[in-house]
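Colleague: Hi, I'm new to this one. Could you put it on screen and walk me through it?

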Amino acid sequence: MTRFLVRRTLLGLVVLWLISVLVFTIFYVAPHDVARTLAGRQATPQTVELIRHRLGLDQSLLHQYWTFVTNALHGDLGYDYYHGVAVTSIIADAIPKTLSLALGASVLWLSLGVLNGVLSAVRPRSLADRSLTAASLFFYSMPTFLLGLLLLYFVYYRLTVAGFAWFPAGGYVPLTEDPLGWARSLVLPWLTLALVLAATYTRLTRGALLDVLGEDYIRTARAKGITERRVTLVHGLRSALTPVATQFGIDLGGLIGGVVVVETVFSIDGLGREAITAINQQDLPVIIGIVLFASTAVVVANILVDVAYAVLDPRVRLN
Amino acid sequence: MTGSTFVDEHPAPAAARDGGPARVAVEGRGPWRLAWERLRRDRVAMISAAVIAGIVLVAVFAPLVAAVTGHPPDTQYRENGLTPDGLPVRPSTTFWFGTDDLGRDLLVRIAYGARISLLVGVAATGLTVVIGVAVGLAAGYFGGLVDSVLARIVDVALSFPFLLFAISLVSITGPSLTITVFVIAMFAWASVARIVRGQVLSVREKEYVEAARSLGASSLRIMVIDVLPNVLAPVIVYTTLLIPTVIVIEATLSFLGLGTPPPTATWGGMLNDSVNYYREAWWFIVFPGLALLATTLAFNLFGDSVRDAFDPRAGRGST
């Protein structure tokens, strides 16, 4: 287990290092002039020169990369180009919103996906199975932003017009101020993310559980007279959950993308929306900061998932 | 993960069972023929193929749609295409699908949008598959150091937060069709490479590969002539399922303003414009949304059928 952990962490570090190189290359080495961009359109050549010097752009690439990495490691991600706010504090402000969105959605999509998958698998080819399979294919094909827009129109707008103002159109209410308002403001964003992602898990759980239920040890368990419910949920589901854990690790990276989209549709000022705003304003330090931070989060989360995976399935540790 | 379901290289026995009632003299039918025949008999496959063909026709004949309605895609009808308040007008005999926020004909723009979706879908998928197959072939065939290095690169590529890098890259280069294709391929090739590598590992030990090698065939020749055709089935299945994913990514990038820039009509871009008008103009969300959803759904259904055709034991019919 220790060896597995060490190897997994090393790979994570390699990924992080590559990400830092890539971000650095995209923003500093790419054939464009950072100082020019930062200085704005009306800058005099002297200003550009000053900025270039202050950013250390007149030094060697290796030296620049070194400064870039050491600053980032010391928690210094620079300052917002427009308001002079520290990028770290922008990120700190956005974290609770993005985390509320992502965590709530993960819980919802994992439970929805696994539950539907089990329901499908215990009665293959039944009406319930067929409708769940059709529904998951439908949501699997649905782009996240489209589902968000449709929920916004049909659930928020039509309901509100009809006199049931249950959900706000967007925005974010802090959990500490008003827990109920927090949940209400997040129900539609959660649903948007969860329905699209749950579809994959329904398909995955169904397939894996159907495979597992055909195994000899399941027949043995049945022969011992264990109830069908226990056989399915305890003996079957445990090994059927391994591909689910793998997929969850893969989807964490994709979740960041989903978060960007959902935050944009529902006007939540989380990391994703900040990143999009920063891009539209060409606010480089903010873009770099968010990309670095989010990538690190994904890499760390991936390691955690892999460890959970190794706990779930002892075979993983061996190879 | 999906790749592992295709280890069945000799579907012939299953086919013999299939052909049972037909009592035709036993005739050698290759796996390709068999897959094709299964696909032909699959009603869902034929219907989704017809839908895809319809969308392709609309895309190809988009100028014809513009000619029939008399509305070029980028022309703004400020008098009859907008209400006195400057809002989109609803569907009518003049504008069958209504207009957008600038008074442009939605139907015509949806037809032109199909071009971008399909073009990016096919081009990015093609590039992805070419890179993925090349890397996977090399890694699997040569093994050893080449394999270790390539496998690590694949691991790293798979754990990158894709959308964030797309965002960073586009923020530097500016959005364009080429960048969209490039960005998607840059991040999608790794899963193809992984699938191909796994397949090549089993094929390269076969006698016919050894025979070719002992006859003095070059590595390149063996890879292309002997190995590639035998790993093609899972690649084709994966490719058909990759197209809808790529179409969704393109739409998402356009929705975020990072895809093909306006005034070019894209489904994602149209849906982005509709965000501020969903209260007044349902058609502005519903029609582009339906076009996008119908496309991804048809490709996913077709992809599932192709998978079933190559491996009847996997997918819908599995027990």
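Modeller: Happy to; here is a short tour, chain by chain and then in some detail.

Modeller: First, this is a predicted model, where local features need pLDDT of at least 70, side-chain atom pairs count only at pLDDT 80 or more, and totals for chains, interfaces and linings use all residues. Residues are numbered from 1 along each chain as its sequence is written, while chains are lettered from A and ligands numbered from 1 in the order in which they are written.

Colleague: Got it. How many helices and strands are there in chain A?

Modeller: Chain A has 13 helices and 0 strands. Here helices (H or I, at least four residues) and strands (E, at least two) are DSSP runs, numbered from the N terminus. The C-alpha atoms of chain A fill a box of roughly 85 × 60 × 35 Å along the principal axes.

Colleague: And how many helices does chain B have?

Modeller: Chain B has 12 helices and 0 strands.

Colleague: What share of each chain is buried?

Modeller: In chain A, 38% of the 319 residues count as buried; in chain B, buried residues make up 46% of the 319 residues. Buried means that 20 or more other C-beta atoms lie within 10 Å of the residue's own, exposed means 12 or fewer, and partly exposed is in between, with C-beta atoms placed from the backbone.

Colleague: What about contacts between residues far along the sequence?

Modeller: In chain A, residues 24 or more positions apart account for 71% of the contacts with a separation of 6 or more. For chain B, 70% of the contacts between residues at least 6 apart in sequence join residues at least 24 apart. Two residues are in contact if their C-beta atoms, placed from the backbone, lie within 7 Å.

Colleague: Now the interface: how many residues of each chain are in contact?

Modeller: 43 residues of chain A are in contact with 34 residues of chain B. Several helices of chain A each supply at least two residues of the side that touches chain B, including α1 (2-29), α7 (144-161) and α12 (284-312). The most comes from α10(A), with 8 residues.

Colleague: What kinds of residues does chain A bring to that side?

Modeller: They divide into 34 nonpolar, 9 polar and no charged. For the classes, Ala, Val, Leu, Ile, Met, Phe, Trp, Tyr, Cys and Pro count as nonpolar, Asp, Glu, Lys and Arg as charged, and the others, Gly among them, as polar.

Colleague: Let's change topic. How do α5 and α8 of chain B pack?

Modeller: Helix α5 (residues 106-142) and helix α8 (residues 177-203) of chain B pack at an angle of about 35 degrees, with their axes 5 Å apart. The axes are lines fitted to C-alpha atoms, for helices over the stretch in contact, and angles run from 0 to 180 degrees between N-to-C directions. The residues of this contact of α5(B) with α8(B) divide into 23 nonpolar, 5 polar and 2 charged.

Colleague: And α3 of chain B, which of its residues are buried?

Modeller: Ala45(B), Ser48(B) and Val58(B) are buried in α3(B). They lie on the same side of α3(B), because they cover an arc of only 150 degrees around the axis, the arc being that of the directions from the helix axis to the C-beta atoms. On the other side of α3(B), Arg43(B), Ala50(B) and Ala53(B) are exposed.

Colleague: What covers the buried residues of α3(B)?

Modeller: The cover includes α2 (31-41), α4 (62-69), α5 and α12 (282-310) of chain B.

Colleague: Any unusual backbone spots?

Modeller: Most residues other than glycine have a negative phi, and most peptide bonds are trans. Arg125(A) has a positive phi of about 65 degrees although it is not a glycine, and is found in the loop between α5 (87-122) and α6 of chain A. Ser267(A), also not a glycine, has a positive phi of about 45 degrees and is found in the loop between α10 and α11 of chain A.

Colleague: Are those two buried or exposed?

Modeller: Arg125(A) counts as exposed, with 12 C-beta neighbours inside 10 Å. Ser267(A) is partly exposed, with 14 other C-beta atoms within 10 Å.

Colleague: Where is there a cis peptide bond?

Modeller: A cis bond joins Pro262(B) and Pro263(B), with omega about 10 degrees. Pro263(B) is found in the loop between α10 (219-255) and α11 (267-274) of chain B.
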